[in-house]
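Me: I would be grateful for a close look at a single part of this structure. Please take one helix, describe its two sides and what covers it, and then follow the chain into the neighbouring elements.

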Amino acid sequence: MNNQLEVPQPLLTEEQMEQVNFTLIEALHTNKQVYLTYYKKGQCITEKGFIQFVDSLGNLFVFIDDVFELKNKMRLSELIDVRFT
């Protein structure tokens, strides 16, 4: 039953990936809150919070969610969209 709700991971264009990276870096340096949309286990999830760390070469970033203030380490390849709140 749950498999019917799963969606394939959206593929980003090179331009979309550049925009995501640019927004991530700007959010990190300005400490602005963002809406972060990422793909996990067949679902697209959006959360609000702050970027704490970005490692483009290591394909990782750290996101602190707005609700529980928990640190979430994620892969950049899971990101679908990043927008300022």
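Reply: The account below begins with helix H1 and then turns to a strand that helps to cover it, and to the loops. The model is a predicted one.

Helix H1 runs over residues 14–30. Its length can be checked against its geometry: with 17 residues at 1.5 Å a residue, a span of 24 Å is expected, and the C-alpha atoms at its two ends do lie 24 Å apart, so the two values agree.

The burial pattern gives H1 two distinct sides. Val-20, Thr-23, Leu-24 and Ala-27 are buried. Viewed down the helix axis, the buried residues of H1 occupy an arc of 105°, and they therefore line one face of the helix. On the other side of H1 are the exposed residues Glu-14, Glu-15, Glu-18, Phe-22 and His-29.

The buried residues of H1 are covered by elements that include strand S1, strand S2 (43–55) and strand S5 (79–84). Beyond the helix comes Asn-31, with a positive phi near 55°.

Strand S1, one of the covering elements, spans residues 34–40 and contains Thr-37. Thr-37 counts as buried because its relative accessibility is 16%, and the cut-off for burial is under 20%. Leaving aside residues up to four places away in sequence, Thr-37 touches Cys-44, Ile-45 and Thr-46, together with Glu-78, Leu-79, Ile-80 and Asp-81. With Thr-46 there is also a polar contact, made between the two side chains at 2.9 Å.

Two loop residues deserve attention for their backbone angles. Most residues other than glycine have a negative phi. Lys-41, however, has a positive phi near 50°. Lys-41 sits in the loop that joins S1 to S2. This residue is exposed because its relative accessibility reaches 75%, where the threshold is over 50%.

A comparable description applies to Glu-69, a residue other than glycine whose phi is positive, near 55°. Glu-69 is placed in the loop between strand S3 (60–65) and strand S4 (71–75). With a relative accessible area of 63%, Glu-69 is exposed.

To return to the helix: the face of H1 formed by its buried residues has S1, S2 and S5 among the elements that cover it, while residues such as Glu-14 and His-29 are exposed on the other side.

Key. Residues are numbered from 1 along each chain as its sequence is written. This is a predicted model: local features need pLDDT of at least 70, side-chain atom pairs count only at pLDDT 80 or more; totals for chains, interfaces and linings use all residues. Side-chain values use heavy atoms; hydrogens and water are left out. Helices (H or I, at least four residues) and strands (E, at least two) are DSSP runs, numbered from the N terminus. Buried means under 20% relative accessible area, exposed over 50%, partly exposed in between (1.4 Å probe, protein chains only). A polar contact is a pair of N or O atoms within 3.5 Å; within protein, one must be able to donate a hydrogen and the other to accept it, and residues adjacent in sequence count only if both atoms are side-chain atoms. Contact means heavy atoms within 4.5 Å. The expected span of a helix is 1.5 Å times one less than its number of residues. The arc is that of the directions from the helix axis to the C-beta atoms.
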